[in-house]
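Biologist: Could you walk me through this one, please? I'd like to know where the labels come from.

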Amino acid sequence: MEHSVSAPENLETVRAAIAAAESEAQRPEGSVRLVAVSKTRTAEEITPVIEAGQRIFGENRVQEAQSKWPGLKAETTGIELHLIGPLQSNKTADAVALFDVIQTVDREKLAREMAREIKKQGKSPRLYVQINTGSEPQKAGIEPVEAGSFIKLCRDDLGLSISGLMCIPPVDENPGPHFALLAKIAGENGIEILSMGMSDDFETAIAFGATEVRVGSAIFGAR
Ligand SMILES: *Cc1c(COP(=O)(O)O)cnc(C)c1O
């Protein structure tokens, strides 16, 4: 049988690689936050990673997160939960209730629903706009050319505070230009948080200025 490396050991390896990439890019130590992507993993698989000190987690489905995270959050203080998957407008209330960060604001209808729910629930999740940097028809996200006007609509018309941008580059392309484009749009719109980079390309993303990387399989193993 293969020796399988435990998730806490993988977590250490990923942390070390992030630190090395920060140093390589001459960025301050600790300038990149690690979002451990726990989608498809059970609470039993996630617990050892929490015990190893990880506090920031990403999930891509509201219902799945609802089944795991209220219990895990009750057991540990300081958990920060990010929604990184597409959000249906009719799940906005549940998402606002559960998540600390919603990374996938990707259309006007959702932004309007979000504004309504945030007011109603008196909550203030951090909000990021997802940008479809590769203009892929099947992929969620705002078109790069429309990013400025969408962010302005969110801020000025809907009163939403947009603090970050996220992207998922096309699988078959060099991700560098996509990360550079996201960084450029952030700069033009006074946005500080850049959520980009996954297991296969987080070091590249850090070189292009990522402030958050979303890493799943490099920590928890192949899905
Ligand atoms: C699954 C997922 C990740 C993590 O992917 P890995 O390749 O397992 O690191 C990151 N971001 C999003 C949006 C995802 O859906």
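Modeller: Let's start with pockets. On a 1 Å grid over the protein atoms alone, a pocket is an open set of points with protein on both sides within 12 Å along at least five of seven lines. A molecule sits in a pocket if more than half of its atoms lie within 2 Å of its grid points. The ligand here sits in the largest pocket. This is a predicted model, where local features need pLDDT of at least 70 and side-chain atom pairs count only at pLDDT 80 or more, while totals for chains, interfaces and linings use all residues. Residues are numbered from 1 along each chain as its sequence is written, and side-chain values use heavy atoms, with hydrogens and water left out.

Biologist: What makes the link between Ser199 and the ligand a polar contact?

Modeller: A polar contact is a pair of N or O atoms within 3.5 Å. An N or O atom in the Ser199 side chain is 2.5 Å from a ligand oxygen, so the pair fits the definition.

Biologist: Why is the pair of Phe57 and Trp69 called tilted?

Modeller: Rings of Phe, Tyr and Trp (its six-membered ring) pair if their centres lie within 6.5 Å; planes under 30 degrees apart count as stacked, over 60 as edge-to-face and the rest as tilted. Phe57 and Trp69 are 4.9 Å apart centre to centre, with 40 degrees between the planes, so tilted it is.

Biologist: Why is Phe179 called buried and Phe208 partly exposed?

Modeller: Buried means under 20% relative accessible area, exposed over 50%, partly exposed in between (1.4 Å probe, protein chains only). Phe179 has 0%, so it is buried. Phe208 has 35%, so it is partly exposed.

Terms used
A polar contact is a pair of N or O atoms within 3.5 Å; within protein, one must be able to donate a hydrogen and the other to accept it, and residues adjacent in sequence count only if both atoms are side-chain atoms. On a 1 Å grid over the protein atoms alone, a cavity is a set of points where a 1.4 Å probe fits but cannot get out, and a pocket is an open set with protein on both sides within 12 Å along at least five of seven lines; lining residues have an atom within 4 Å of a point.
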